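Welcome! Let us take a walk through this structure together, one stop at a time.

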Amino acid sequence: MTLRDLGFYLRGRVNRTVAQLVNVRRPAPALSLSLEELLRERRPSLLDRVRLLEGRSNAERQEMVARYLAARGLPFGRHPYATFEGSGENFSLDVGAGDSTLILIGHHDAVPGSPGANDDGSAVAILLGLAERLFNDPPRRLRVRVLFTGGEERGYLGARCYVKTAALERVLGVLSLELCGIGDALAVWDVLPPLERAPVLQTFVETLEGLGYRRDETYHVAGRIPVFGSDHRAFWASGIPAFGLTVVPAAEGEALRQFIFNPVRTALRQFVRRPAPFNTYHTSRDRSETLEPAALERTADALFALVHSL
Ligand SMILES: [Zn+2]
């Protein structure tokens, strides 16, 4: 185990322990949607796809992703992993015929006691919908790999295991979707100085501006985020430009900046009011009722446009 792996492992332990402590008193369980109900809908919404995972155990959430992909006839690969840190399965599906690859990630696990709607059912739902859209309208110069990981809350365990075995040459970028269901502004984060000029980021910025987003108002490019993290960090050691992508309410911009960039205060504010979307993050209140369908659609549309611009 490398020092980096050890750091991720310990971070995962803290994450899950805090959630266990905070979520001891559980409210009524979230009412998840069955796969059969979802498949019966002619045009299931992204929010309905969130409800497929919501409130379920991690084993069930993982199974739902695989069953959904199979039922929709989407060809996917299974990547099981088992280490002393835990076991699970990542799922990947490729679409498009280009030489270079863009990897889009959503994690299917949730912390103990949280229904896991925004974290990270929102991302899984967006990527399930996007995968179907891309199969009908594939990019010609790009391969898109949609990756559904397990064990993100265990210090990016699934992603770390994936990175160790996957062929990652010609990967031009990685975006890990986290909390994409509340708000009207997109934030790309963990943009470290050497990665600021990465072509994938430049193209994403141009794509967003082409869609009418405005820098520092309706889209943000943020540096390294303390305390929080996501699966893209498992790709850092390989030198691939890898970022987080989150949706936030534009109106909470200043409160979010204060909250995110002051780790000490952030830690102390565990039990007091946090700005959305962190007011439900890792709590039993992370339910689909708190999500905004427009936020899910906005993210899916931006990624669809990015894929067709690269
Ligand atoms: Zn997450």
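Let us begin with a pair of facing residues: Asp 94 stands opposite Arg 145, which belongs to strand β4. Keep in mind as you look that this is a predicted model. The strands behind that pair are β2 and β4, which run in the antiparallel sense and share 5 bridges.

Stay with β4 for a moment. This strand covers residues 142–149, and 7 of its 8 residues are buried, so the rest of the structure largely encloses it. Strand β3 also pairs with β4, here in the parallel sense and over 8 bridges. To find this pairing in the model, look for His 107, whose bridge partner in β4 is Thr 149.

Now go back to β2, which spans residues 86–95. Strand β1 pairs with β2 in the antiparallel sense, over 7 bridges. A hairpin of 2 residues links β1 to β2, and Pro 80 stands opposite Glu 89 of β2.

One residue of β2 gives a good view of its surroundings: Ser 92. Is Ser 92 buried, or is it partly exposed? A residue needs 20 or more C-beta neighbours within 10 Å to count as buried. Ser 92 has 17 inside 10 Å, so it counts as partly exposed. Leaving aside residues up to four places away in sequence, Ser 92 touches Phe 76, Gly 77, His 79, Arg 145, Val 146 and Leu 147. Ala 117, in turn, is 25 residues from Ser 92 along the chain, and their C-alpha atoms are 21 Å apart.

With these strands in mind, step back to see the whole sheet. It is an open sheet of 8 strands with mixed pairing, in the order β1-β2-β4-β3-β5-β8-β6-β7. At its edges are β1 (77–83) and β7, each of which pairs on one side only. On average, neighbouring strands of the sheet are turned by 20 degrees against each other, direction ignored.

Next comes a helix. Helix α7 takes in residues 199–210, 12 in number, and it reaches 16 Å from its first C-alpha to its last, close to the 16 Å expected at 1.5 Å a residue. Which residues of α7 are buried? They are Val 200, Phe 204, Thr 207 and Leu 208. These residues cover an arc of only 95 degrees around the axis, which puts them on the same side of α7. The face turned away from that buried side carries the exposed residues Pro 199, Gln 202, Glu 206 and Gly 210.

What covers the buried residues of α7? The cover includes the strands β3 (100–107), β5 (171–177), β6 (185–189) and β7 (219–221), together with helix α10 (293–309). After α7 comes Gly 212, which has a positive phi, near 100 degrees.

Finally, a word on confidence. The chain has an average pLDDT of 90, and 92% of the residues score at least 70. Among the elements of the chain, β3 has the highest mean pLDDT, 98, whereas helix α9 (residues 263–268) has the lowest, 64. Where pLDDT is low, the predicted coordinates should not be read in detail.

Methods. Residues numbered from 1 in each chain as written. Predicted model: local features only at pLDDT ≥ 70, side-chain atom pairs only at ≥ 80, totals over all residues. Helix = DSSP H or I, 4+ residues; strand = E, 2+ residues; numbered from the N terminus. Expected span 1.5 Å × (residues − 1). Buried ≥ 20, exposed ≤ 12 C-beta atoms within 10 Å, placed from the backbone. Arc of directions from axis to C-beta. Contact = placed C-beta atoms within 7 Å. Pairing = 2+ DSSP bridges. Axes fitted to C-alpha atoms, helices over the stretch in contact; angles between N-to-C directions. pLDDT = per-residue confidence, 0-100.
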